[in-house]
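I opened my notebook and put the model up on the screen. Here is what I looked up, entry by entry.

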Amino acid sequence: MENDSGSHRLVAALQELLKAVRLLKQSSVTPVGTVGVLTAIRRSEPLGCHMKDLAAEHALDPSTISRTIGALVRSGLVARAADPDDGRASTLRLTSDGNTTLDEVIAHYDKRLASALSEWSPEEIAAFAASVQRFAQDLINQQSPFGTPSLEAAR
């Protein structure tokens, strides 16, 4: 940012946004990280996806994704199947319960966001979404002086 006061205002606004996201996450019985994984698996259907692809997409350590998938399999939301192209690997797909749960959580988030944005114009919503996406991508792409950035540490 150009000056410190602008930078400080942005940091304060981001802190408020993070607080709002934490409160939104607490309002759902399904953790938001789980929602992201379930959504990524759904996008890969009907072929299914591999854990290594999920780890890369979410910038997480494979062991973290493995624990998450293990919990999702135990809870009946995700099913593992042998990969027909590589017998050593497995593909992941949502179960019927997984699809239902994901639909319910998305509906919950949609309702909360629609309520928060009820007085915004469609143009304001589109501009906000585009700005947040651009900012997030620029921040992710920025080189850290401490080495390659990892979202794992930011969880």
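**Entry: a pocket.** I began with the term: on a 1 Å grid over the protein atoms alone, a pocket is an open set of points where a 1.4 Å probe fits, with protein on both sides within 12 Å along at least five of seven lines, and lining residues have an atom within 4 Å of a point. Grid points are joined across faces, edges and corners, and a volume is the space filled by probe spheres set on the points. Rolling a probe the size of a water molecule over the atoms shows where empty space is left.

How much space lies in the second largest pocket? I noted about 170 Å³. Its lining is made of H50, M51, K52, D83, D86, A89, S90 and L92. I sorted these residues into 3 nonpolar, 2 polar and 3 charged, where Ala, Val, Leu, Ile, Met, Phe, Trp, Tyr, Cys and Pro count as nonpolar, Asp, Glu, Lys and Arg as charged, and the others, Gly among them, as polar. Strand β2 gives the most to this lining, with 4 residues, and α3 also supplies at least two.

**Entry: ground rules.** This is a predicted model, in which local features need pLDDT of at least 70 and side-chain atom pairs count only at pLDDT 80 or more, while totals for chains, interfaces and linings use all residues. Residues are numbered from 1 along each chain as its sequence is written, and side-chain values use heavy atoms, with hydrogens and water left out.

**Entry: the overall layout.** I counted 6 helices and 2 strands; helices (H or I, at least four residues) and strands (E, at least two) are DSSP runs, numbered from the N terminus. From the N terminus on, their order is α-α-α-α-β-β-α-α.

How much of the protein is buried? Of its 155 residues, 21% count as buried, and the cut-offs are under 20% relative accessible area for buried, over 50% for exposed and in between for partly exposed (1.4 Å probe, protein chains only). I also checked contacts, meaning heavy atoms within 4.5 Å. Among contacts with a separation of 6 or more, 53% are between residues 24 or more positions apart.

**Entry: the core.** Next I went looking for the largest nonpolar core, a set of buried Ala, Val, Leu, Ile, Met, Phe, Trp, Tyr and Cys residues joined through side-chain atoms within 4.5 Å. It has 20 residues, and I41, L54 and I69 touch the most other members. At least two residues each come from α2 (32-44), α3 (51-58), α4 (62-74), β2 (86-94) and α5 (96-116). Which element gives the most to this core? My answer is α2, with 5 residues.

I clicked on I41 and left out residues up to four places away in sequence: I41 touches C49, L54, I69, V78, L92, R93 and L94. Then I tried V37, also in helix α2. V37 counts as buried because its relative accessible area is 3%. Its contacts, leaving aside neighbours within four places in sequence, are L54, H58, I65, T68, I69 and L72. From V37 to A55 I got 9.3 Å, C-alpha to C-alpha, with their places 18 residues apart in sequence.

**Entry: far in sequence.** T30 sits in the loop between α1 (4-26) and α2. Is T30 buried or exposed? T30 is buried, since its relative accessible area is 8%. Leaving aside neighbours within four places, T30 is in contact with V35, T101, V105 and Y109. T30 and E104 are 74 residues apart in sequence, but their C-alpha atoms are 9.6 Å apart in space.

I106, in helix α5, made a similar entry: I106 and T39 are 67 residues apart in sequence and 9.5 Å apart, C-alpha to C-alpha. I106 counts as partly exposed because its relative accessible area is 30%.

**Entry: odd spots in the backbone.** The peptide bond from E45 to P46 is cis, with omega near 15°. I found P46 in the loop between α2 and α3. A59 is not a glycine, yet has a positive phi of about 55°. A59 belongs to the loop between α3 and α4.
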